[in-house]
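Please take a moment with the sequence and the model before reading on, and keep both in view while the paragraphs below lead you from a pocket to the whole chain and then to single residues.

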Amino acid sequence: MKKTQATGSTRNEILEKALDLFSVNGYEATSMLQIADAVGIRKASLYSHFTSKQDILDNIINSVLTGYANHSMFSNANWDDPEYVKDKSHMDGEKASRIIQEQIQYILHDPHIAKGRKMLVIEQFRNSKIAHLQSKQNYENIMNYFIGMIHFLIRDNVLKEYDSLIMAAQLSSPITVWINLCDREPEREQEVMDLIHRHVLQFFEVYQKQSGL
């Protein structure tokens, strides 16, 4: 049992240190020797746990994406599910802003999600699999979430009915830019939270239906 626990602990540490290196240097620029040195083991010992650097990357991607999928509203939301929307009826800008800000803070501060996102940014033009994951996680999931929100708010008679795809893009695109800003300059997080709040309120002012219409 002790040997199994030690083996599992070393394996997890390899993944942690590799993610640290991949999120700063990129996958291609990180060697197996650098990973081994970061863990404090011999390079040959890495192969007791993983068959290759690609195997390490695949395990990191799986673990990061699993964590993201389990906790992210962007990947979990179902705006057609009555249970999901039961507390969101007649949502106003203030409530929408709080929901969005809470999710942004989660993806900024969860260490695995934050490092994984940076790794995807670095490697997206060198690895087709990572490029696909980058598009899915940082574009498709976010757009689908906001398209679902817009459809729900139109059905709920909160927003006027326009092109929902363009409305979702108008709402989400500045937010993704601000997330990237926080990744580069984390000290500006409060500024970004204030911008998100003002942005969401103004979006609702522009598209909100007048009472009785």
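When residues are sorted by class, Ala, Val, Leu, Ile, Met, Phe, Trp, Tyr, Cys and Pro count as nonpolar, Asp, Glu, Lys and Arg count as charged, and the others, Gly among them, count as polar. With these classes in hand we can look at the largest pocket of this model, which is a predicted one. By class, its lining has 6 nonpolar, 5 polar and 2 charged residues.

The largest pocket is lined by 13 residues, and its volume is about 170 Å³. Lying nearest the centre of this pocket are Glu16, Leu19, Ser63, Val64 and His112. Which helices each supply at least two residues of the lining? They are helix 1 (2-25), helix 4 (53-71) and helix 8 (111-123), and the largest share, 5 residues, comes from helix 4. Empty space of this kind is found by rolling a probe the size of a water molecule over the atoms.

Stepping back to the whole chain, we find that its secondary structure comes to 11 helices and 0 strands, so that, by the definition of these elements as DSSP runs, every entry in the order read from the N terminus is an α. The C-alpha atoms fill a box of roughly 70 × 35 × 30 Å, taken along the principal axes. Of the 213 residues in the chain, 42% are buried, while the surface that the chain exposes comes to about 11600 Å², with carbon and sulfur atoms supplying 51% of it. Among the contacts with a separation of 6 or more, 68% are between residues 24 or more positions apart.

The aromatic rings offer another way into the structure, and a search of the whole of it finds 10 aromatic pairs. In one of them, the rings of Phe22 and Tyr27 have their centres 5.3 Å apart and their planes at 70°, and because planes over 60 degrees apart count as edge-to-face, this is the name given to the pair of Phe22 and Tyr27. Both partners are also buried, a word that applies under 20% relative accessible area: Phe22 is at 0%, and Tyr27 has 8%. Another edge-to-face pair is formed by Trp79 and Tyr84, with 5.2 Å from centre to centre and 85° between the planes. Trp79 is buried as well, with a relative accessible area of 5%. Trp79 and Tyr84 also belong to one aromatic cluster, together with Phe74, Tyr145, Phe146 and Phe152.

Two further residues are worth following one at a time, beginning with a charged one. Is Arg117, which has its place in helix 8, buried or exposed? Arg117 counts as buried, because its relative accessibility is 3% and the limit for that word is under 20%. If its neighbours within four places in sequence are left aside, Arg117 is in contact with Ile107, Leu108, Asn138, Ile179 and Asp183.

The other residue is Ser23, which is found in helix 1 and is buried, with a relative accessible area of 10%. Which residues does Ser23 touch, not counting those up to four places away in sequence? They are Lys115, Lys118, Met119 and Ile122, and these four can be looked for in the model alongside helix 8, which spans 111-123.

Key
Residues are numbered from 1 along each chain as its sequence is written. This is a predicted model: local features need pLDDT of at least 70, side-chain atom pairs count only at pLDDT 80 or more; totals for chains, interfaces and linings use all residues. Side-chain values use heavy atoms; hydrogens and water are left out. On a 1 Å grid over the protein atoms alone, a cavity is a set of points where a 1.4 Å probe fits but cannot get out, and a pocket is an open set with protein on both sides within 12 Å along at least five of seven lines; lining residues have an atom within 4 Å of a point. Grid points are joined across faces, edges and corners, and a volume is the space filled by probe spheres set on the points. Buried means under 20% relative accessible area, exposed over 50%, partly exposed in between (1.4 Å probe, protein chains only). Contact means heavy atoms within 4.5 Å. Accessible areas come from the Shrake-Rupley method with a 1.4 Å probe; for residues, only the protein chains shown count as cover. Rings of Phe, Tyr and Trp (its six-membered ring) pair if their centres lie within 6.5 Å; planes under 30 degrees apart count as stacked, over 60 as edge-to-face and the rest as tilted.
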